[in-house]
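Visitor: I would like a close look at one part of this model. Please take a single helix and follow its contacts outward.

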Amino acid sequence: MKIGVMSDTHGSLLYFEKALDTLSECDVILHGGDVLYHGPRNDIPEGYNPKGLIEKLNSLNNILIARGNCDADVDQMVINHPIQSPYVMSQFGEVRIVMTHGYTDSKEDTIKNAKNMGADILILGHTHVKELYCDENLVVLNPGSTSIPKDKTHSVAIIDLEQTEDELDMDFNLIDINTKEIISIDNEQ
């Protein structure tokens with residue numbers, strides 16, 4: 001099973017479509033929040049078109065969305081998929097994924113909460129900076145931002161789960177949506 005992960009699209013139809021193209025072979029897509037609005041601290045991203053993004057988003061039948069700090073009640077009125085808060089919990093075979101935008105609690109508390117929920121993977125957004133590392137047995141993943149990256153690369157992630165009778169293999173890749181190249185980051189542990 002392939003799980004696509006994106007976050008912080010901030011209303012950019014251009015980068016949402018690039019993200020979807022990169023994640024086209026994924027069975028399900030997880031969105032870490034900040035879907036439509038660019039927010040008061042951000043510049044308007046290239047390709048800003050929230051109405052077009054709504055239409056594209058509503059045409060999908062395989063997406064789960066966490067509520068970000070820029071997501072408002074009015075967004076839920078136009079998006080057909082639930083915008084869930086504070087956590088989205090998903091189970092894929094034996095793998096439990098907990099997703100949250102990551103702005104209401106400290107990272108330490110968020111990691112603790114995910115562990116208490118029995119998560120194997122914690123997905124975060126909000127910082128617009130890619131992260132991939134292990135905290136004990138918990139994989140912590142932030143795919144960065146598709147539209148307003150603070151680390152200079154518009155990105156998504158793909159989690160590839162392969163389960164046999166005896167073994168579970170999880171492969172994680174961060175991907176530049178402009179070049180489709182796999183990204184190496186310094187904080188991998």
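Guide: What follows starts at one helix and then moves through the salt bridges to the sheet. Keep in mind that this is a predicted model.

Take helix H4, residues 107-116. Which residues of H4 are buried? Thr110, Ile111 and Ala114 are buried in H4. These three cover an arc of only 100° around the axis, which puts them on the same side of H4. The cover over the buried residues of H4 includes strand E6 (95-99), strand E7 (121-123), E8 and E9. Now turn to the face pointing away from that buried side. The exposed residues Glu108, Lys112 and Asn116 sit there. Just after H4 comes Gly118, with a positive phi of about 80°.

Next, the charged contacts. As a rule, side chains of opposite charge can pair when their charged atoms come close. The cut-off here is a side-chain nitrogen of Lys or Arg within 4 Å of a carboxyl oxygen of Asp or Glu. The count for this model is 7 salt bridges.

One of them starts on H4 itself. Lys107 meets Glu131 in a salt bridge, at 2.6 Å from N to O. Lys107 belongs to H4 and Glu131 to strand E8 (residues 130-135), so this pair ties together parts that are 24 residues apart in sequence. How accessible are the two partners? Glu131 has a relative accessible area of 15%, so it counts as buried. Lys107 has 32%, so it counts as partly exposed.

Strand E8 holds a partner of another bridge. Lys130 and Asp151 join their side chains in a salt bridge of 2.7 Å, N to O. Lys130 lies in E8, while Asp151 lies in the loop between strand E9 (138-143) and E10. The two are 21 residues apart, and the pair links distant parts of the chain. Lys130 is buried, at 4% relative accessibility. Asp151 is partly exposed, at 23%. There is a network as well: salt bridges that share partners join Lys115, Asp135 and Glu136.

A further salt bridge leads into the sheet. Lys2 and Asp160 meet through their side chains at 3.2 Å, N to O. Lys2 is in strand E1 (residues 2-6), and Asp160 is in strand E10 (residues 155-163). This pair links distant parts of the chain, 158 residues apart. Is each partner buried or exposed, or in between? Lys2, at 26% relative accessibility, is partly exposed. Asp160 is buried, with a relative accessible area of 17%.

Now the sheet itself. In general, strands of a sheet pair through backbone hydrogen bonds, either parallel or antiparallel. This sheet is open and has 7 strands, in the order E4-E3-E2-E1-E10-E11-E12. The pairing is mixed. Which strands stand at the edges? Strand E4 (83-84) and strand E12 (182-183) do. Each has a single partner strand, so one side of each is left without a neighbour in the sheet.

Start from the E4 edge. Strand E3 (residues 63-66) and E4 run parallel and are joined by 2 bridges. Ile65 has Ile83 in E4 as its bridge partner.

Now take E10, the strand that carries Asp160. E10 runs antiparallel to strand E11 (residues 168-176), and 9 bridges join the two. One bridge partner pair is Glu162 with Asp169 in E11. A hairpin connects E10 to E11 through 4 residues.

From E11, move on to the other edge. E11 and E12 pair in the antiparallel sense, over 2 bridges. Leu174 stands opposite Ile183 in E12. These two strands also form a hairpin, with 5 residues between them. In its turn, Lys180 has a positive phi of about 70°.

One surface feature remains. Val74, Met77 and Val78 make a nonpolar surface patch of about 300 Å². Val78 has its place in helix H3 (residues 73-78). At 35% relative accessibility, Val78 counts as partly exposed.

Back to the starting point, in brief. H4 has a buried side with Thr110, Ile111 and Ala114. Its opposite face carries Glu108, Lys112 and Asn116. The salt bridge from Lys107 to Glu131 ties H4 to strand E8.

Methods
Residues numbered from 1 in each chain as written. Heavy atoms only, no water. Buried < 20%, exposed > 50% of the residue type's maximum accessible area, 1.4 Å probe, protein only. Pairing = 2+ DSSP bridges. Patch = residues over 30% accessible without salt bridge, like charges linked within 9 Å, V, L, I, M, F, W, Y side chains within 5 Å. Areas by Shrake-Rupley, 256 points an atom, 1.4 Å probe, with all protein chains shown as cover. Arc of directions from axis to C-beta. Contact = heavy atoms within 4.5 Å.
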